[in-house]
Each structure stands twice: as structure tokens, then as C-alpha cells.
Amino acid sequence: MSLLVAPSLLSANFAHLRLDIEMINRSKADWVHLDIMDGVYVPNISFGFPVIEAVAAMTKKPLDFHLMITRPEKFISRLQAIGTYMMNVHYETCPHLHRTLQEIKAAGMKAGVTLNPHMPVSLLEDILPEVDMVLIMSVNPGFGGQKFIPQSLEKIAQLKEMILRKNLSTLIEIDGGINLETAPLAVKAGADILVCGHSVFTSENPEETIALMKAL
Ligand code: DX5
Ligand code: ZN
């Protein structure tokens, strides 16, 4: 599979969100990454359904939801209703993760699971066959513009090995501190999807930065 690029709207300019979404629509980005934070699971709040619905109406790319919230299963039907492609939940926010993944897929969405920097990939040994995508956090969740944690590369490699050993097609997404220096390392380790917020939206030419990531 060719490398996918998913710009994170968290670093967009919310005073002119339409312009930033139109840029993503024009660009070579594959997905749009939406970071939803509840101020409980992570120490920050991002945006909720009024903004989500406006974004969904404007964007032409598949919606990649990264839910940094407690009890994400409460929102399966609302995310389904706006045409979500990927619904991605943090491992420890789902006491019944197997059931939640089944419910996400039954609603017609792809199901993702996220691991924080301190969490070993071995946690996924039993659940991996049910998972369409694993997101490896390469920063602690809650904020854009943080520094890439280098140990994430070893985790990508370990996860890739587990996916191949089990003969699965689970995708690996890497999120946090991805820029034109760290992205090639993540790709080499086995990442399939690059999430990039700060590096795209602080670039003088965001479309070109997306194209450069895509060409790695
Ligand atoms: C952080 C979010 C990320 C964030 C990445 O909790 O999950 O998606 O937007 O931003 P950068 O690319 O700026 O590290
Ligand atoms: Zn994210």
C-alpha cells in the first residue's frame, strides 16, 4: 500500500477553517485527521459536533477521527451519521474494547485503536485481528506541536512484526511530532499513515509539505 498522509486540523486556523479545509481538499492528502478531546481523558479540549459537522460538510477527504475522550462508544451513531471513515479509540478508554470495535464496524466504519507512548504493543496481541488500524502516539496526547518520542520507532517495528506474524492487513498510523525529518524514520520503521499537524500548518507552503510527505 502506498503511504497515506492525514493532516491534523488541530493546528489549523479556526478563524478561517474553510480556507484550511479547501487547502486540504486541493492537496494530495489522503485523509483529514480530527482530534477530539474532552478535557477529562486528556488535559485539553478541542472541538465538538457543531465544528465536526461543519468540517464534514466541507471536506472531500475521508474523515479520520482520533477520539481522546472517555466512553467513545457513546458517539458511534453520531459519527456514523456524518459519514466517518475511521473511528479510532484509545485502548484504555474502552473497558469492553472487543465489543466497541464490533459496534464501530457494524456501523459501517473502520475501527482503530490508539496506544499512548507508555503502552506496549503486546497489549494488542489478542485483539489485533479485530483492528483495522493501530495509531501509535509518538507524543503524549492532548496538544499539537510537541517533540517526537524516538522510542515510537521501535514500537512501529514491533507492531509491524506482529501484524506480519499474524498474517493481517492492519494499518499503522503514527501521530505526533511528524515533520520532514521524523516522517522518513517512521516510514522506514513501517508506518502506513502519517498524521501531521504543526509541520503542515506552520509551513509556508502547506500543500507542498503534504506533497513532500506523500512522496517519501
Ligand atoms: C495530539 C494529536 C495529534 C496532533 C499532532 O494529541 O493526536 O493529532 O494534532 O500534531 P503535531 O503533528 O503538531 O504533533
Ligand atoms: Zn491525533
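The following paragraphs describe the strand order of the sheet, the setting of strand 6 within it, and the surroundings of two loop residues in a predicted model.

In the predicted model, eight strands make up an open sheet with parallel pairing, and their order across the sheet is 1-8-7-6-5-4-3-2. Strand 1 (4–7) and strand 2 form the edges, each of them pairing on one side only, and the average twist from one strand to the next amounts to 25°.

Strand 6 (residues 133–137) has five of its five residues buried, so that this strand is largely enclosed by the rest of the structure. The side chains divide between two directions, with Met133, Leu135 and Met137 pointing one way and Val134 and Ile136 the other way, and the residues in both groups are buried. Pairing in the parallel sense connects strand 6 with strand 5 (residues 110–115) over four bridges, whereas five bridges join strand 6 to strand 7 (residues 171–175), again with the strands running parallel. Valine 134 can be followed across both of these pairings, since it stands opposite valine 113 on the side of strand 5 and opposite isoleucine 172 in strand 7. The connection from strand 6 to strand 7 passes through helix 5 (residues 152–165), and the resulting β-α-β crossover is right-handed.

Beyond strand 7, the sheet continues with strand 8, which is joined to strand 7 by three bridges and runs parallel to it; in this pairing, glutamate 173 stands opposite isoleucine 193 of strand 8. The loop between helix 6 (182–189) and strand 8 (193–196) contains aspartate 192. With a relative accessible area of 11%, aspartate 192 is buried, because the cut-off for this class is under 20%. When neighbours within four places in sequence are left aside, the contacts of aspartate 192 are with Met1, Ser2, Leu3 and Leu4, with Lys160, and with Thr170, Leu171 and Ile172.

A second loop residue, phenylalanine 47, is located between strand 2 (32–37) and helix 2 (49–58). Phenylalanine 47 likewise counts as buried, at 9% relative accessibility. Its contacts, not counting residues up to four places away in sequence, are Phe14, Leu34, Asp35, Ile36 and Ile52. For one of these partners, aspartate 35, which is twelve residues away along the chain, the separation between the C-alpha atoms of the two residues is 8.1 Å.

Note on methods
Residues are numbered from 1 along each chain as its sequence is written. Chains are lettered from A and ligands numbered from 1 in the order in which they are written. This is a predicted model: local features need pLDDT of at least 70, side-chain atom pairs count only at pLDDT 80 or more; totals for chains, interfaces and linings use all residues. Side-chain values use heavy atoms; hydrogens and water are left out. Buried means under 20% relative accessible area, exposed over 50%, partly exposed in between (1.4 Å probe, protein chains only). Two strands pair if DSSP finds at least two bridges between them. A crossover is right-handed if, with the strands pointing away from the viewer, the path from the first strand over the helix to the second runs clockwise. Contact means heavy atoms within 4.5 Å. Axes are lines fitted to C-alpha atoms, for helices over the stretch in contact, and angles run from 0 to 180 degrees between N-to-C directions.
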